[in-house]
Amino acid sequence: MGAKPAGFPHTQVIAPWYVCEMRAGADNHTRAPHRHVDHVFVAVVDDTTPSQQPVHEVRWFTEQELAEAPSIAEDSRLQAKELFGRIGDIAGANRI
C-alpha cells in the first residue's frame, strides 16, 4: 500500500487481487451494452461469523462448487482455479 496523504480521513484497504475490464451486454444493471470493471478481492478470516448483514447478495463457494456449478461463468471459473491454487501464498502475504 502507498502512503496515506496527511489528514486523509479514510481507512486504506488491501489492493484487489485481480482487476479486469470486459465488454458486457444488456443485463440487470443497464439495457445497453457497456463495460464491466471487476475488482476481485481475497479475504482470509479466522472467524467466519458475519459482523453484519451484507449490503448486496453474497454467496460463498467451495473450490468444488466453483468447478462444477452451472451458474458460474467460465471466466470466473478460471479466476477461481488460479486463486485456489495460490490461496496459501496470497493469505500469508496479505494478513492484516
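**Talking through a predicted model**

Q: Leaving aside neighbours within four places in sequence, which residues is I90 in contact with?
A: In this predicted model, once the neighbours within four places in sequence are set aside, I90 is in contact with W17, V42 and L83.

Q: And where does I90 lie?
A: I90 is a residue of helix 2, the element that runs over residues 74-93.

Q: Okay, is I90 buried or exposed, and why?
A: I90 counts as buried because its relative accessible area is 7%, and buried means under 20%.

Q: How far is I90 from E21 in space?
A: From C-alpha to C-alpha, I90 and E21 are 22 Å apart in space, while along the sequence they are 69 residues apart.

Q: You mentioned W17, so let me switch to rings: how many aromatic pairs does the structure hold?
A: The structure holds one aromatic pair. That pair is formed by W17 and Y18, whose rings are 5.7 Å apart centre to centre and have 40° between their planes, so the pair is described as tilted.

Q: Where's the place of Y18, then?
A: Y18 sits in strand 1, which covers residues 18-24.

Q: Which residues does Y18 touch, not counting those up to four places away in sequence?
A: With residues up to four places away in sequence not counted, Y18 touches D38, H39, V40 and Q79. For D38, the C-alpha atom is separated from that of Y18 by 8.0 Å, although the two are 20 residues apart along the chain.

Q: And is Y18 buried, exposed or partly exposed?
A: Y18 is partly exposed, because its relative accessible area is 39%, and that class runs between 20% and 50%.

Q: New topic: how much space lies in the largest pocket?
A: The largest pocket holds about 2100 Å³ of space.

Q: What lines the largest pocket?
A: Its lining is made up of 44 residues, and those that lie nearest the centre of the pocket are F41, V42, A43, R59 and W60. The V42 named here is also one of the contacts of I90. By kind, the lining residues divide into 27 nonpolar, 12 polar and five charged.

Q: Which element gives the most to that lining?
A: Helix 2 gives the most, with eight residues, and strand 2 (34-40) supplies at least two.

Q: What about E68 and E57, where are they found?
A: E68 is in helix 1, residues 63-68, whereas E57 is in the loop between strand 2 and helix 1.

Q: Are those two buried or exposed?
A: E68 is exposed, with a relative accessible area of 53%, and E57 also counts as exposed, at 81% relative accessibility. The cut-off behind both is that exposed means over 50%.

Q: How far apart in space are E68 and L83?
A: Measuring in the model from C-alpha to C-alpha, E68 and L83 are 16 Å apart in space and 15 residues apart in sequence.

Q: Last one: what is the mean pLDDT of the protein, and which element has the lowest?
A: The mean pLDDT of the protein is 81, and 94% of its residues reach 70 or more. Among the elements, helix 2 has the lowest mean pLDDT, 81, and strand 1 the highest, 87.

Technical notes
Residues are numbered from 1 along each chain as its sequence is written. This is a predicted model: local features need pLDDT of at least 70, side-chain atom pairs count only at pLDDT 80 or more; totals for chains, interfaces and linings use all residues. Side-chain values use heavy atoms; hydrogens and water are left out. On a 1 Å grid over the protein atoms alone, a cavity is a set of points where a 1.4 Å probe fits but cannot get out, and a pocket is an open set with protein on both sides within 12 Å along at least five of seven lines; lining residues have an atom within 4 Å of a point. Grid points are joined across faces, edges and corners, and a volume is the space filled by probe spheres set on the points. Helices (H or I, at least four residues) and strands (E, at least two) are DSSP runs, numbered from the N terminus. Ala, Val, Leu, Ile, Met, Phe, Trp, Tyr, Cys and Pro count as nonpolar, Asp, Glu, Lys and Arg as charged, and the others, Gly among them, as polar. Buried means under 20% relative accessible area, exposed over 50%, partly exposed in between (1.4 Å probe, protein chains only). Contact means heavy atoms within 4.5 Å. Rings of Phe, Tyr and Trp (its six-membered ring) pair if their centres lie within 6.5 Å; planes under 30 degrees apart count as stacked, over 60 as edge-to-face and the rest as tilted. pLDDT is the predictor's confidence in each residue, from 0 to 100.
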